[in-house]
Amino acid sequence: KDFHSRFEALGASTREARGRVLEAAFQTTEARRESARYRDLAERDPLTGLYNRRYVDEQLSLSLMAVRDGGPALTIAMVDLDRFKRINDTRSHEAGDDVLRAMGQILGRLAAAVQGGFAARMGGEEFLLILPGTNGEMAEVSAEEVRRAIDEYDWLPITAGIPVTASIGVAVAPAAGQHRSNLL
């Protein structure tokens, strides 16, 4: 009887310990998931869904270190919407937000076409494309794709005829520099 009682107690203790381990594993997984979600919120622009300046600062520095270490070229393209204030003032800030969201979709799609590429909203109506592994010729093609995508987008329902255009500046590392400030 004594042996049986101890055996049962040991089994209960083992099951309880196993339950605590499973609970701890679950809580750890949930904490990691929440941490990743908060990190994503901290690195993304809530309006466009694109990465934000904080993410650019981190990733651009890493990418430029790879270039300095002999890695592939890196293209950045700064995209600035022309006369954006006119859309906000004439149509409304809601229409301006719709333009920014559409730009986020356009630039996000174009950046995704390049392995490791991403788009970011730097602030206001300024965006940045980071395109690793692209040279000067490819940079020109990418800038033309951005221009064409903006030109072909149906802005009429949003802007009621106010044209949406952008100025695009392109720099390629290492040719244009190997430091963030030089490229931007």
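# A walk through the core, rings and salt bridges

Hi everyone, let's start with one residue: Trp155 has a relative accessibility of 6%, so Trp155 counts as buried. Buried here means under 20% relative accessible area, exposed means over 50%, and partly exposed is in between, with a 1.4 Å probe and protein chains only.

Before going on, a word on where this comes from. This is a predicted model, in which local features need pLDDT of at least 70, side-chain atom pairs count only at pLDDT 80 or more, and totals for chains, interfaces and linings use all residues. Residues are numbered from 1 along each chain as its sequence is written, and side-chain values use heavy atoms, leaving out hydrogens and water.

What is the ring of Trp155 paired with? Its partner is Tyr153: the ring centres are 4.4 Å apart and the planes are at 45°, so the pair is tilted. Rings of Phe, Tyr and Trp (its six-membered ring) pair if their centres lie within 6.5 Å; planes under 30 degrees apart are stacked, over 60 edge-to-face, and the rest tilted. Unlike buried Trp155, Tyr153 is partly exposed, at 31%.

The structure has four aromatic pairs. One of them is Tyr51 with Tyr55, a stacked pair with 3.6 Å from centre to centre and 10° between the planes. Tyr51 is buried at 18%, and Tyr55 is buried at 13%. Ring pairs also bring in Phe118, making a cluster of Tyr51, Tyr55 and Phe118. Look at Tyr51 once more: the charged end of Arg44 sits over its ring, 3.9 Å from the centre. For that, NZ of Lys or CZ of Arg must be within 6 Å of the ring centre and within 35 degrees of the ring normal.

Now to the core. In soluble globular proteins, nonpolar side chains tend to be buried together. A nonpolar core is a set of buried Ala, Val, Leu, Ile, Met, Phe, Trp, Tyr and Cys residues joined through side-chain atoms within 4.5 Å. In the largest one, with 27 residues, those touching the most other members include Trp155, Phe127 and Met103. Which elements each supply at least two residues of this core? They are strand S1 (74–81), helix H3 (84–90), H4, strand S3 (126–132) and H5. H4 gives the largest share, nine residues. Helices (H or I, at least four residues) and strands (E, at least two) are DSSP runs, numbered from the N terminus. Beyond its neighbours within four places in sequence, Phe127 is in contact (heavy atoms within 4.5 Å) with residues including Leu50, Val79, Leu100 and Met122.

Finally, the charges. How many salt bridges are there? The count is six, where a salt bridge is a side-chain nitrogen of Lys or Arg within 4 Å of a carboxyl oxygen of Asp or Glu. Asp57 and Arg180 form one of them, at 2.4 Å from N to O. Asp57 is in helix H2 (residues 53–68) and Arg180 in helix H7 (residues 180–183), so this pair ties together parts 123 residues apart in sequence. Asp57 is partly exposed at 29%, and Arg180 is partly exposed at 25%.

Two others sit within single helices. In H4, Asp98 and Arg101 are three residues apart, about one turn of the helix, and their side chains meet at 3.7 Å. In H5 (residues 136–152), Glu144 and Arg147 are also three residues apart, and their salt bridge is 2.7 Å, N to O. Arg148 joins these two in a network of salt bridges. Thanks for listening!
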